Amino acid sequence: MSNYVFLGPPGAGKGTMADMLSEQFGFVHVSTGDILREEMASGSELGRQAQQFVNSGHLVTDEVVAAIVSRKLSDPQAALNGVILDGYPRTVKQADLLDGALEENSLTLDAVVLFEVERELLLQRLTARRICRGCGAVYNLLYDPPAEDDVCDRCGVELYQRSDDSEETAKQRLNVYQEQTAPLIDFYERRGQLIRVTGSKEKHKNYKLVQQALGL
Ligand code: AMP
């Protein structure tokens, strides 16, 4: 089975594309952001440690996220179905730790998909994003709105805005991406593993392009 890293700024659509591919092809979708938010909501020790970083738009420490990912990669489902790592790695140190974790679990990295979207559109998407408290469905008030304001089409539960999707924190996250994560573009390009895909089109068009890029 194939294993992929989805790289790109916040709001580029990594999570949406990973969700759609996982649903269609059965990949194990590992989103470090989703896992950290679940830990925060449950009030666990890990969640408490991560909270101040996540809420202020900074990165959680490399060791904490690497431990989460190692656990997911050692799950037998990973080898059976293939994995999409969404939002990990986000630093060169995490990329090094990922190499070790993949090797330990006899997995290989088949490609790194870079989703490219211009900054203005990213900010628009992040600040207009809303999420269902019940099923986690993701909406965008501008591009993919629910039929009824603030209510999920699928389950009728209310929608909320992630605290780090406020304009100020979204800008901070984009800066953190430029400083700490963008160096990974060069890192994976040198290894010949990088595939560039535009993430700036409409959802279903972006999805077709990703599938084409991965030969799925
Ligand atoms: P995301 O849902 O991918 O936008 O991630 C939300 C937040 O979770 C980020 O702004 C970070 O605070 C934290 N986070 C997610 N993934 C990582 C990672 N690989 N390394 C460090 N922090 C992360």
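**The chain and its ligand shell**

Author: This predicted model has a chain with 10 helices and eight strands.

Reader: What does the C-alpha trace span along its principal axes?

Author: The span is about 45 × 40 × 35 Å.

Reader: And why does the radius of gyration agree with a compact globule?

Author: The chain has 216 residues, for which a compact globule would have a radius of gyration near 17 Å; the chain has 17 Å, so the two agree.

Reader: What share of the residues is buried?

Author: Buried residues account for 47% of the 216 in the chain. The accessible surface of the chain is about 10900 Å², and carbon and sulfur atoms hold 46% of that.

Reader: Turning to the ligand, which residues come nearest?

Author: Thr32, Arg37, His58, Gly87 and Gln94 come nearest, out of 17 residues around the ligand.

Reader: Which atoms of the ligand pair with Arg37, His58 and Gln94?

Author: An oxygen atom of the ligand lies 2.9 Å from an N or O atom in the Arg37 side chain. For His58, a polar backbone atom is 2.6 Å from an oxygen atom of the ligand. With Gln94, a nitrogen atom of the ligand is 2.9 Å from a side-chain N or O atom. The protein covers 95% of the 480 Å² of accessible area that the ligand has on its own.

Reader: Which helix gives the most to the shell?

Author: Helix 2 does, with four residues. Helix 2 (32-42) and helix 3 (45-56) each supply at least two.

Reader: How is the shell made up by class?

Author: The shell has seven nonpolar, five polar and five charged residues.

Technical notes:
Residues are numbered from 1 along each chain as its sequence is written. This is a predicted model: local features need pLDDT of at least 70, side-chain atom pairs count only at pLDDT 80 or more; totals for chains, interfaces and linings use all residues. Side-chain values use heavy atoms; hydrogens and water are left out. A residue is near a molecule or strand if one of its heavy atoms lies within 4 Å of it. A polar contact is a pair of N or O atoms within 3.5 Å; within protein, one must be able to donate a hydrogen and the other to accept it, and residues adjacent in sequence count only if both atoms are side-chain atoms. Accessible areas come from the Shrake-Rupley method with a 1.4 Å probe; for residues, only the protein chains shown count as cover. Ala, Val, Leu, Ile, Met, Phe, Trp, Tyr, Cys and Pro count as nonpolar, Asp, Glu, Lys and Arg as charged, and the others, Gly among them, as polar. The radius of gyration is taken over C-alpha atoms; the globule rule is 2.2 Å times the number of residues to the power 0.38. Buried means under 20% relative accessible area, exposed over 50%, partly exposed in between (1.4 Å probe, protein chains only).
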